[in-house]
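Reader: I've got a model to go through and would like to see how its labels are justified. Can we take them one at a time?

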Protein chains: 2
Amino acid sequence: MVRSAATLFSTRGANATSFSDVIAQSGAPRGSIYHHFPEGKKQLAIDAIGWTAQRVLAHLRASTAATPGDVLEYFIAMWRHVVVSSHAAAGCAVAGVALDTPHDEADVMHAVNAAFRSWSEQLAEQLVAAGVPAARARAIALTTLAGMEGALILCRAEGGVAPLDAVAEELMRLLP
Amino acid sequence: MVRSAATLFSTRGANATSFSDVIAQSGAPRGSIYHHFPEGKKQLAIDAIGWTAQRVLAHLRASTAATPGDVLEYFIAMWRHVVVSSHAAAGCAVAGVALDTPHDEADVMHAVNAAFRSWSEQLAEQLVAAGVPAARARAIALTTLAGMEGALILCRAEGGVAPLDAVAEELMRLLP
DNA sequence: CGGGTACTATGATGATCGTCATACTGACTG
DNA sequence: CAGTCAGTATGACGATCATCATAGTACCCG
């Protein structure tokens, strides 16, 4: 269910995804929604974000990139694969929740923020390990993350991967 | 109504915004929804995007920036103002629609794409006028747009303007 | 004044949503 | 074997949504 929710969030946003959709796509039993998610939809969103965050983190940690350029390329290639394999229909599930959630829903927003920060920090860490000074690494990591999130939206709008490629090429210039 | 819809889209996304919300916020009469928007909510979304697109374009055209740095700063300052004046609650209405709309809703997606492209092209044009070679100008403009859209999401998640400022500083490095 | 057009008031419709209560299943514990 | 409990089935609830039909009002043109 969490996995289905995450993919649905990434293609239609959180509010356009109903429990019925999640049930239908995951094959999970209807009756056990509030057994596994006692707090309802909010909890499903939080769990889906957490699941996505961990998945991305695990993928990043599997990287063997040694140079700063390889680090960024590995991160970018991950998002590029999302766009290509979904024919520009999917984006980032975390962003899909972030834009659909009123900013005063503290716990959901906190999960969103934690996900973004974990990715940014992991990326910065890898850049530091590849020889980039810490302060610059943090800034480059954050900019790359923002660039990707924005590029995902542009790709979705255009229906192709071209914007992401163009953004990626520019982001590479930020490296020493 | 269009103005209200646009601001609501930018703070909660398109699907979380009901006609009732738009009515309540705009003070418009309930009975005349389908007089002004015969195609229903889809048309409201398209019109809100068009209105936002034109508003941003008009603001950009009012710029007197002469150097490439000033051009980017003017564009960035606009988004920064959105974040600051809304206390990090608002983002980009076009993005709010883009993520909430299934990718096969062709006419809405076309409006979204047109909005993004018009901004990107206007920005590139100004960069060229400030002396940046055309090819680079287009790439920098697209990257800046993507960076801002992503930064808006990060600011919303964090509740502050810090991510946007960090991204802005890095984007400036792309200029010759 | 008369007629037509633009807009609004009111409220109904069917669908869908999130949420939950109640009852059932099966497997595991002692 | 009796008992417990995680998980599932079924279906109902109030609310809200987008949409529309019908009837009304305001205003402009001649």
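Reader: What makes the pair between B:Ser20 and a phosphate oxygen of DNA strand D a polar contact?

Author: Keep in mind that this is a predicted model. An N or O atom in the B:Ser20 side chain lies 3.5 Å from a phosphate oxygen of DNA strand D. The cut-off is N or O atoms within 3.5 Å, so the pair counts.

Reader: Which polar backbone atom is paired with a phosphate oxygen of DNA strand D, and how far away is it?

Author: That one belongs to B:Phe19, at 2.9 Å. The side chain of A:His35 also has an N or O atom 2.7 Å from a phosphate oxygen of DNA strand D. Both A:His35 and B:Phe19 are among the residues that come nearest to this strand, out of 13 around it.

Reader: What part of DNA strand D do the atoms within 4 Å of the protein belong to?

Author: Sugar or phosphate accounts for 71% of them, and bases for the rest. On the protein side, the nearby surface has 8 polar, 3 nonpolar and 2 charged residues. α3 (33-36) of chain A and α2 (19-26) of chain B each supply at least two residues there.

Reader: How do you know that the length of helix α8 of chain B agrees with its residue count?

Author: With 25 residues (134-158) at 1.5 Å a residue, it should span 36 Å; the end C-alpha atoms are 35 Å apart, so the two agree.

Reader: Why is α8(B) called mostly covered?

Author: Buried means under 20% relative accessible area, and 21 of the 25 residues in α8(B) are buried. Just after α8(B), B:Gly159 takes a positive phi of about 85 degrees.

Key. Residues are numbered from 1 along each chain as its sequence is written. Chains are lettered from A and ligands numbered from 1 in the order in which they are written. This is a predicted model: local features need pLDDT of at least 70, side-chain atom pairs count only at pLDDT 80 or more; totals for chains, interfaces and linings use all residues. Side-chain values use heavy atoms; hydrogens and water are left out. A residue is near a molecule or strand if one of its heavy atoms lies within 4 Å of it. A polar contact is a pair of N or O atoms within 3.5 Å; within protein, one must be able to donate a hydrogen and the other to accept it, and residues adjacent in sequence count only if both atoms are side-chain atoms. Helices (H or I, at least four residues) and strands (E, at least two) are DSSP runs, numbered from the N terminus. Ala, Val, Leu, Ile, Met, Phe, Trp, Tyr, Cys and Pro count as nonpolar, Asp, Glu, Lys and Arg as charged, and the others, Gly among them, as polar. The expected span of a helix is 1.5 Å times one less than its number of residues. Buried means under 20% relative accessible area, exposed over 50%, partly exposed in between (1.4 Å probe, protein chains only).
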